[in-house]
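User: Please take a close look at the aromatic pairs in this model, and connect them to the residues around them. I would like a careful, continuous account rather than a list.

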Amino acid sequence: MIDYLDVVPLVRKFIDDLIDEKVYGSSFPSTPVLPAVLVRNMGGSDYTRLQLLARANDDITAMKLVIKAMNLLERYGANIVGLRVLWIEKETAPIASKDDDTGKFEAWCYMRMEHLEQ
């Protein structure tokens, strides 16, 4: 039997190694460095659904950042250390929004990842 593995720290580190912007896992701190990307697990039954959420001071930067992270995962996700990624693709196109609590601009998307724990 293979033990369950939380993929968020592995995906967060992978993206963090490839981009200059700050990358957080699971939740933003109370005073995040912006622009930043958040990686969190949003469920899935026999796969993992990840949400990538970029937050910035303007809408264009947020959208560009989430697209950058999404493209990196689609292109190079098989290289995530600690996982055997079989497939990773976007489930939704990036969506722009604004966080009600902070007033900061956001863009987010869902990614579907099929993997095996190593």
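Analyst: In this predicted model, the structure holds two aromatic pairs. One of them joins Y24 and F28, whose ring centres lie 5.7 Å apart with planes at 65°, so the pair is edge-to-face. Y24 counts as buried because its relative accessibility is 11%, and F28, with a relative accessible area of 15%, is buried as well. W108 and Y110 form an aromatic pair that is also edge-to-face, with 5.3 Å from centre to centre and 65° between the planes. Y110 counts as partly exposed, because its relative accessibility of 21% is not under the 20% that buried requires.

The pair of W108 and Y110 leads on to Q51, since Q51 touches both of these residues, and its contacts beyond four places in sequence also include C109, L38, V39, R40 and M42. Q51 has its place in strand β3, which covers residues 48-56, and with a relative accessible area of 5% it is buried. The side chain of Q51 makes a polar contact of 2.6 Å with the side chain of R40, a residue that is also among those Q51 touches.

A further aromatic ring, that of Y47, is engaged in another way: the charged end of R112 sits over this ring, 3.7 Å from its centre.

H115 offers a second polar side chain to set beside Q51. H115 lies in strand β6, which runs over residues 105-117, and it counts as buried because its relative accessibility is 15%. A polar contact of 2.8 Å joins the side chain of H115 to that of T48, and, leaving aside residues up to four places away in sequence, H115 touches V7, L83, R84, V85 and L86 as well as T48.

As for the setting of these details, the chain has two helices and six strands, which follow one another along the sequence in the pattern α-β-β-β-α-β-β-β. Its radius of gyration is 14 Å, close to the 13 Å that the globule rule gives for 118 residues, so the chain is as compact as a globular protein of that length. The C-alpha trace spans about 45 × 25 × 25 Å along its principal axes, and 36% of the 118 residues count as buried. Among contacts between residues at least 6 apart in sequence, 56% join residues at least 24 apart. The chain exposes about 6700 Å², of which carbon and sulfur atoms supply 50%.

Definitions and conventions
Residues numbered from 1 in each chain as written. Predicted model: local features only at pLDDT ≥ 70, side-chain atom pairs only at ≥ 80, totals over all residues. Heavy atoms only, no water. Helix = DSSP H or I, 4+ residues; strand = E, 2+ residues; numbered from the N terminus. Buried < 20%, exposed > 50% of the residue type's maximum accessible area, 1.4 Å probe, protein only. Polar contact = N/O pair within 3.5 Å; in protein donor to acceptor, adjacent residues only side chain to side chain. Contact = heavy atoms within 4.5 Å. Phe/Tyr/Trp six-rings, centres within 6.5 Å; stacked < 30°, edge-to-face > 60°. Lys NZ or Arg CZ within 6 Å of the ring centre and 35° of its normal. Rg over C-alpha atoms; globule rule 2.2 N^0.38 Å. Areas by Shrake-Rupley, 256 points an atom, 1.4 Å probe, with all protein chains shown as cover.
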